[in-house]
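User: Please take a close look at one particular place in this structure, and then carry on into the helices and cores, keeping each statement tied to what the coordinates support.

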Amino acid sequence: MKKLLSFLAMAILVIGLVAGCGKSADSGDQKSGTIGFSVSTQNNPFFVSLKNGIEEQAKALGLKVKIVDAQNDPAKQANDISDLLESGVSVLIINPVDSAAISTSVEMANGKNIPVITVDRSADKGTVVAHIASDNVKGGEMAAQLIVDKVGNAAKVGELEGIPGASATRERGQGFHNVADQALTVVSKQSADFDRTKGLNVATNMLQANPDMQAIFAHNDEMALGAIQAAKSAGKDIFIVGFDGTADAEKAVQDGTLAATIAQQPELMGKIAMDTAKKVIGGETVEANIPVDLKVVTK
Amino acid sequence: MDSKAMQYVRKLGPLIGLIILFIIISVMNDSFLEFSNLRNLLRQVSINAIIAFGMTFVILTGGIDLSVGSILALSSAFMAQLIVTGTNPELAILIAAGAGLVLGAINGLVITYGRVAPFIATLATMTIYRGATLVFTDGNPISGLTQDPLFHAFGQGDIANIPIPAITMFLAFIILWFILSRTSLGRKTYAVGGSEKVSYIAGIKIDRVKVFAYALTGMLAAIAGAIITSRLNSAQPTAGTGYELDAIAAVVLGGTSLAGGRGHIVGTLIGALIIGTLNNGLNILDVSSFYQQVVKGIVILLAVLADRKKA
């Protein structure tokens, strides 16, 4: 009997303690103006920064935010979102694990008249008041402009494209060509599926076919890192620009092997999401698509 | 100390734990006990509970099944592909359940006729089935399945305000409770886990009992997968990753011994409810997801410690 009682006492203690660590102390006003945020994972630095941006901006604006972590499981995300809806949030910010699987949850929130904002990944179905993601078009323009500035007008450039048809491929390519079609000479453009190994192979072929190539723009860092290897084995000094700002790429920039990466700003993305949520609560209308600025990372 | 009353209290341990959890969470947040949240909770619990019911049979025979999450994903992908290519969705659910049964039976056959330890055998099939899912789906989710209302209802609908997944869970519970407590197959399941030697001498066909347990678990994992697929209206290649651990935790929380031969499916239902209540309650209480994992682990540990003296 003693054992059982001590077990129960410990259980109460643990749950009480941990719940105390949360922000539930003032659960009285939870129905007014609380924002729910469902993040896809916290196992990836990008999404940790996104969450930090949300938390900090919530603090700055004096808003209460409930955060749930789907651990990359779309089924858990559906559970998390129904929990948030049950606990009475007034706006839902969702960073979907999967654009298709999130649709039923968005529709559920629509059914309860809770406005939904998506961040980084969009939802295939359901009504969303705003979608917040990096401004890929502008990022492509920035990459092309950087090559013009650093390598020179009419420089001969190769373009490593992402998965054909993917939104990032289309938008980054479009932005790049907005500038490059006038100011640069694009001698080769081929897809390497956002993959490092394919980036290496495709870039090797490009350099073989165009020995006078001066620069390469890759639609993501993985392909850019592959292209670095290709340039190295061809014994050439190529000005390579990646996209995303991954840890590997920023390290390569520091080492001097990668000329630059167009970095996404997840923390800023979180901040903007929170600002948008505040506007939605206040009844203001918001833009359906809110682009987030990128920044050029060079040595 | 070991009076009859004491044993009774110990048996009720998991239920008492669940009730205390309910009281704590509802005191801290009043939206927890609202009817709509209890429905929500039942819907969430049903998937883990259905898998854990099968896991109870396996663990009672002294085995373990690590492949349930992979079976769930493979059968879901198969079902989604059937639906996308025009098979009647309700028929596809039945075929998926059959596929799960076969995948589970393969586990059972490897373990019995192949004489491979259950942990190793299902560790291998867990990897094989997951790999097969990725090959089959090419790593992409299968989405845009169907507008069929019956198929949607399977994961999202309600009957008389009770979520259909919860009804499926209770039906499975009643059938399996009956098999375990009222049939010779149930008695044999306990006997095999209690002592294989004695079971053999008693003339029990041990291999058949074991193959049944794994095949049943495979089928239940596939049914859980069909519920998830209906709920998300898409089949994910990574679905069910880590679900074996939640199912094992539910079985252990319910007081079933990992050594086999002792425990019951009633406890498993309560165990699954405890895990589901923790997930739901800690979300509602806005506890950080990092702490949530710590709490779940501590609760499992405490339950096992409290259970130790039973044997």
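Analyst: The place to begin is D244(A), which belongs to strand β9 (residues 239–244) of chain A. The model is a predicted one, and the values below should be read with that in mind. The phi of D244(A) is near 125 degrees, which is positive although the residue is not a glycine. Most residues other than glycine have a negative phi. D244(A) counts as buried because 24 other C-beta atoms lie within 10 Å, and the cut-off for that class is 20 or more. A useful counterpart in chain B is A160(B), again not a glycine, with a positive phi of about 50 degrees. A160(B) sits in the loop between β2 (158–159) and β3 (162–163) of chain B, and with 5 other C-beta atoms within 10 Å it is exposed. A further positive phi, near 60 degrees, is found at D286(B), which follows helix α13 of chain B.

Chain A, to which D244(A) belongs, contains ten helices and twelve strands, and 48% of its 299 residues count as buried. Among the contacts in chain A with a separation of 6 or more, 71% join residues that are 24 or more positions apart. Elsewhere in chain A, T257(A) occupies the loop between α9 (247–255) and β10 (260–263). With 16 other C-beta atoms within 10 Å, T257(A) is partly exposed. Leaving aside residues up to four places away in sequence, T257(A) touches I228(A) and A252(A), while its C-alpha atom is 9.3 Å from that of D237(A), a residue 20 positions apart from it along the chain.

The nonpolar cores come next. In soluble globular proteins, nonpolar side chains tend to be buried together. The largest nonpolar core here has 134 residues, and the members that touch the most others are I93(A), I117(A), A273(A), I50(B), I51(B), L220(B) and A224(B). Helix α11 of chain B supplies the largest share of this core, 16 residues. On the chain A side, A273(A) touches I54(A), I93(A), I117(A), V119(A) and I132(A), again not counting residues up to four places away in sequence. A second, separate core has 43 residues, including L184(A), A192(A), M223(A) and L258(A).

The helix α11(B) also takes part in two helix pairs. Two packed helices are described by the angle between their axes and the distance between the axes. For α9 (residues 184–194) and α11 (residues 206–232) of chain B, the axes come within 10 Å and cross at roughly 105 degrees, so α9(B) and α11(B) are roughly perpendicular to each other. Here L185(B), K188(B), T189(B) and V192(B) of α9(B) meet I206(B), V209(B), K210(B), F212(B) and A213(B) of α11(B); by class, this contact has six nonpolar, one polar and two charged residues. The axes of α7 (residues 149–156) of chain B and α11(B) come within 7 Å and cross at roughly 110 degrees, so that α7(B), too, is roughly perpendicular to α11(B). This contact joins F151(B), H152(B), F154(B), G155(B) and Q156(B) of α7(B) to A226(B), I227(B), I228(B), S230(B) and R231(B) of α11(B), and its residues divide into five nonpolar, four polar and one charged.

Two further helices of chain B can be checked against their expected spans. The 19 residues of α8(B) (residues 164–182) should span 27 Å at 1.5 Å a residue, and the end C-alpha atoms are 26 Å apart, which agrees. Within α8(B), the buried residues are I164(B), P165(B), A166(B), T168(B), M169(B), A172(B), L176(B) and L180(B). S181(B), which is found in the helix α8 of chain B, counts as partly exposed because it has 13 C-beta neighbours inside 10 Å. The C-alpha atom of S181(B) is 9.5 Å from that of I265(B), 84 residues apart along the chain. Helix α13(B) (residues 265–284), with 20 residues, reaches 28 Å from first to last C-alpha, close to the 28 Å expected at 1.5 Å a residue. Of the 20 residues of α13(B), 18 are buried, so this helix is largely enclosed by the rest of the structure.

Key:
Residues are numbered from 1 along each chain as its sequence is written. Chains are lettered from A and ligands numbered from 1 in the order in which they are written. This is a predicted model: local features need pLDDT of at least 70, side-chain atom pairs count only at pLDDT 80 or more; totals for chains, interfaces and linings use all residues. Helices (H or I, at least four residues) and strands (E, at least two) are DSSP runs, numbered from the N terminus. The expected span of a helix is 1.5 Å times one less than its number of residues. A residue is buried if 20 or more other C-beta atoms lie within 10 Å of its own, exposed if 12 or fewer, and partly exposed in between; C-beta atoms are placed from the backbone. Axes are lines fitted to C-alpha atoms, for helices over the stretch in contact, and angles run from 0 to 180 degrees between N-to-C directions. Angles under 35 degrees count as roughly parallel, over 145 as roughly antiparallel, 65 to 115 as roughly perpendicular and the rest as oblique. Two residues are in contact if their C-beta atoms, placed from the backbone, lie within 7 Å. Ala, Val, Leu, Ile, Met, Phe, Trp, Tyr, Cys and Pro count as nonpolar, Asp, Glu, Lys and Arg as charged, and the others, Gly among them, as polar. A nonpolar core is a set of buried Ala, Val, Leu, Ile, Met, Phe, Trp, Tyr and Cys residues joined through C-beta atoms within 7 Å.
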